[in-house]
Amino acid sequence: KLARKPVADEWDKAGDTSGVQVDPGDRRVAIGVDVGGSGIKAAAVDLDTGELISPRHRVPTPQPSAPAAVIASIARMIKKITTEVSVGSDVPVGVGFPAVVIDGITKSAANVDPGWMEFDADGAMERVLRRPVHLVNDADAAGVAEMRLGAGVGQRGTVFLITLGTGTGSALFYNGMLVPNLELGHMEIRGRDA
C-alpha cells in the first residue's frame, strides 16, 4: 500500500508568521478544524471576524479514517498551531465533521470509517486534546459562518448552502434558524444513497 503525500495548496501558507509566535491579544480565539473524506484542515481563528490568525494547515485524512487515527492527526495539527499562536489551554476547538452530529456524537459515517457510527467524538477529542471541543456537521458549520460573516448576513426567509468536497453537504436556514444535519447529499432513493 502506497502512502499518500500531503497535498499543499496556496492557503496552507496563509498568515505565515516565519517562526514568530503570534499574540492574539484580547481577541476571542478558537481553533477551527474541518475534517473531510480526503483532508483535514485547521487554523486558529478570530471568532468575531472569521479571520485566520495562524497559517491554515492541511493533512490527508488517514486511511482508514478510524477515530483514533483522525484524532491523532488533529492533535498534531493543534500542537503545531499552538506553537504559532499564543493560546491558552482553555481556547476551544470547533470541529466540522462530515456526518450527522447530535450532542457531539457522530450518528453517520458516509465518507469516513464506520467506527465513527454512534461515537462520542466530543468526549474522545476532549480527552486527547485536553481542551474544550465542540463537534458539528461540517456543512452546518459552514452555513453558520456564512450567516454570521458572509452572504447570509441579515438574510431572512429561506437560505440554502451547498458544500462541495469529497462529498456534498447542505445547510438550511429559515429566518436565521439552522435546520441541523440536513445531509441532502445522503438522501435515500429506492433504499440507496442518491
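Which residue takes a positive phi in the hairpin of β10 and β11? Asn175 does, with a phi near 50°. The legends below cover this turn and other close-ups of a predicted model.

**View 1. The hairpin of β10 and β11 turns through two residues.** Asn175 has its positive phi in this hairpin. Strand β11 covers residues 177-179. It runs antiparallel to β10, and three bridges join the two strands. Leu172 faces a partner across the pairing: Val179 in β11 stands opposite.

**View 2. A second hairpin joins β9 to β10.** Three residues make the connection here. Strand β9 spans residues 158-164, and strand β10 spans residues 168-174. The two run antiparallel, with seven bridges between them. Leu161 stands opposite Ala171 in β10.

**View 3. Five strands form an open sheet.** Their order is β3-β2-β1-β4-β8, and the pairing is mixed. Strands β3 (57-60) and β8 stand at the edges. Each has a single partner strand, so one side of each is left without a neighbour in the sheet. From one strand to the next, the twist averages 20°. Strands β1 and β4 pair in the parallel sense, over four bridges. Asp34 stands opposite Gly96 in β4.

**View 4. Helices α1 and α3 pack on the sheet.** Helix α1 touches β1, β2, β3 and β4. Its direction makes about 35° with that of β2. Helix α3 (residues 138-149) touches β1, β4 and β8. The direction of α3 makes about 95° with that of β8.

**View 5. The largest nonpolar core has 32 residues.** Those with the most contacts inside this core are Val33, Val35, Ile74, Val93, Val95, Trp116 and Met125. Several elements each supply at least two residues: β1 (29-35), β2 (39-46), α1 (67-84), β4, α2 (121-129) and β8 (133-137). Helix α1 gives the most, with six residues. Another core lies apart from this one and has five residues. Among them are Met147, Leu161, Ala171 and Phe173.

**View 6. Val33 reaches residues well beyond its own stretch of sequence, counting those more than four places away.** Its contacts include Ile40, Lys41 and Ala42. Ile74 is also in contact with Val33. So are Val93, Gly94, Val95 and Gly96. Val33 is also among the residues with the most contacts inside the largest nonpolar core.

**View 7. Phe97, Trp116 and Phe119 form a cluster linked by ring pairs.** The structure holds two aromatic pairs. Phe97 and Trp116 make a tilted pair, 4.4 Å centre to centre, with 45° between the planes. Phe97 lies in strand β4 (residues 93-97), and Trp116 lies in the loop between β6 (105-106) and β7 (119-120), so the pair ties together parts that are 19 residues apart in sequence. Phe97 is buried, with a relative accessible area of 0%. Trp116 is buried too, at 0% relative accessibility. Trp116 and Phe119 make an edge-to-face pair, 5.3 Å centre to centre, with 80° between the planes. Phe119 is partly exposed, with a relative accessible area of 21%.

**View 8. Glu146 lies in helix α3.** Is Glu146 buried or partly exposed? At 32% relative accessibility, Glu146 counts as partly exposed. Leaving out residues up to four places away in sequence, Glu146 touches Ala151, Gly152, Val153 and Leu161. Leu161 also belongs to the core of five residues. Gly123 is 23 residues from Glu146 in sequence. In space, the two are 27 Å apart, C-alpha to C-alpha.

**View 9. Residues 1-17 have a pLDDT below 50.** The protein chain as a whole averages a pLDDT of 89. Of the residues, 90% score at least 70. Beyond near neighbours in sequence, the stretch 1-17 has 24 contacts in the model. Where pLDDT is low, predicted coordinates should not be read in detail.

Key. Residues numbered from 1 in each chain as written. Predicted model: local features only at pLDDT ≥ 70, side-chain atom pairs only at ≥ 80, totals over all residues. Heavy atoms only, no water. Phe/Tyr/Trp six-rings, centres within 6.5 Å; stacked < 30°, edge-to-face > 60°. Buried < 20%, exposed > 50% of the residue type's maximum accessible area, 1.4 Å probe, protein only. Core = buried A, V, L, I, M, F, W, Y, C linked by side-chain atoms within 4.5 Å. Contact = heavy atoms within 4.5 Å. Pairing = 2+ DSSP bridges. Axes fitted to C-alpha atoms, helices over the stretch in contact; angles between N-to-C directions. pLDDT = per-residue confidence, 0-100.
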